[in-house]
Amino acid sequence: MGEKKVYEACRRLLTVCSHCQKEENILIVTDEESFDMGMAMWDAAEEFPNRTLALMTPRKMHGEEPTDLVAAAMLKADVIFRATTFSLSHSKARENACVAGARDLNCCDYDYNMLESGGLYTDFEANRKYVDAIAKGFEGGDKVHITSALGTDYYCSIKGHKIFPQYGMSLNPGQTSSPPDIECATGAIPGTAYGKLVIDGSITHPAMGLLKEPITLYVENSFVTKIEGGEEAKTFAEELAKVYDPRMYRVGEIGVGLNPDATLCGRMLEDEGCMGYVHVALGNNETDNRDFLLHIDMMFKDPTIEVDGKVIFDEGKVVFD
């Protein structure tokens, strides 16, 4: 482990990605399984006198709410660093903290490799141009068609859906980000998605991670109706079935990875931001009023995205006007 590099990465989170000021209330939220990452942030924040570390029991899945005490602390923070095992990004606690004015940074599922090299060392400001180009391509759009060489052939409507540009920085009150994840996301309007998704990158579920072989999902009326592939596809289908809730099969988010220095590694925030990858999510969806707890992202490589017939992402490359 390169201690200097780990310290440097955490300092980048405190400076480049959040512009922390000396007297601000800085909250580091962590859990037992990610405590080393929480302490790395704590050590790097040594010059900030109002730093606080909150340790809780690990959550069981992305999107699950933190403890009530952690949620209360988040409401009082100026800047929040969430060095947790699972993401709190889709939780009410995170949303409420941002409404209250916090600058929020999701640092879930970090490991030392991510702190020593990769996407955290990118030029975040220079990468804004990729995010802005995709946001412009989504803006005002309706019909989306996503294809890939492996056979993805997916359709949906995004008409009226919000667009979420993610620059990997939270510089203004109320902003949330997930460095090194740089992406631009939108989502399928409920009931409009259909077709086929061939997932060949990684899946953000504890039983999955980096994939050895593609998994094919068939979609009708915005729900996955069939999963095909090898042993990993079987495992994925079994894990989804364990949830015992049909909303787990709902298809929602569409995210375009735009960090040129990120590398697929099986860690969610690095994988989601990888340039050349698109992720589609199951479960919790921004258009469904947060009525479901779980959110699982599925990455696939070098797709082409058309919005109303116009190509905005061509085999994994951003198309600029």
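The following exercises, with worked solutions, concern helix 4 and the salt bridges of a predicted model.

**Exercise 1. Determine which residues of helix 4 are buried, and on which side or sides of the helix they lie.**

Step 1. Helix 4 spans residues 92-99, and its buried residues are Ala93, Arg94, Ala97 and Cys98.

Step 2. These residues cover an arc of only 130° around the axis, which places them on the same side of helix 4.

Step 3. The spacing fits a general rule: an α-helix has 3.6 residues a turn, so residues three or four places apart point the same way.

**Exercise 2. Identify what covers the buried residues of helix 4, and describe the backbone at the residue Gly101.**

Step 1. The covering elements include two that precede helix 4 in numbering, helix 3 (68-76) and strand 3 (79-83). Strand 4 (103-106) and strand 8 (176-177) are also among them.

Step 2. Gly101 follows helix 4 and has a positive phi, near 110°.

**Exercise 3. Characterise the salt bridge between Glu24 and Arg103: its distance, the parts it joins, and the burial or exposure of each partner.**

Step 1. The closest N and O atoms of Glu24 and Arg103 are 2.8 Å apart.

Step 2. Glu24 belongs to the loop between helix 1 (3-14) and strand 1 (26-31), whereas Arg103 belongs to strand 4; the pair therefore ties together parts that are 79 residues apart in sequence.

Step 3. Buried means under 20% relative accessible area. Glu24, at 15% relative accessibility, therefore counts as buried. Arg103, at 8%, likewise counts as buried.

**Exercise 4. Carry out the corresponding analysis for Lys136 and Asp321.**

Step 1. A salt bridge joins Lys136 to Asp321, with the closest N and O atoms 3.3 Å apart.

Step 2. Lys136 is in helix 6 (residues 128-138) and Asp321 is in the segment after strand 20 (317-318), so this pair ties together parts that are 185 residues apart in sequence.

Step 3. Both Lys136 and Asp321 are exposed.

**Exercise 5. State how many salt bridges the whole structure contains, and examine the pair Glu228 and Lys226 and the network that includes Arg267.**

Step 1. A search of the whole structure gives 13 salt bridges.

Step 2. One salt bridge is formed by the side chains of Glu228 and Lys226, at 3.5 Å from N to O.

Step 3. Glu228 has a relative accessible area of 33% and is partly exposed. Lys226, with 41%, is partly exposed.

Step 4. Arg267 is linked with Asp109 and Asp111 in a network of salt bridges.

How values were computed
Residues numbered from 1 in each chain as written. Predicted model: local features only at pLDDT ≥ 70, side-chain atom pairs only at ≥ 80, totals over all residues. Heavy atoms only, no water. Buried < 20%, exposed > 50% of the residue type's maximum accessible area, 1.4 Å probe, protein only. Helix = DSSP H or I, 4+ residues; strand = E, 2+ residues; numbered from the N terminus. Arc of directions from axis to C-beta. Contact = heavy atoms within 4.5 Å. Salt bridge = Lys/Arg side-chain N within 4 Å of Asp/Glu carboxyl O.
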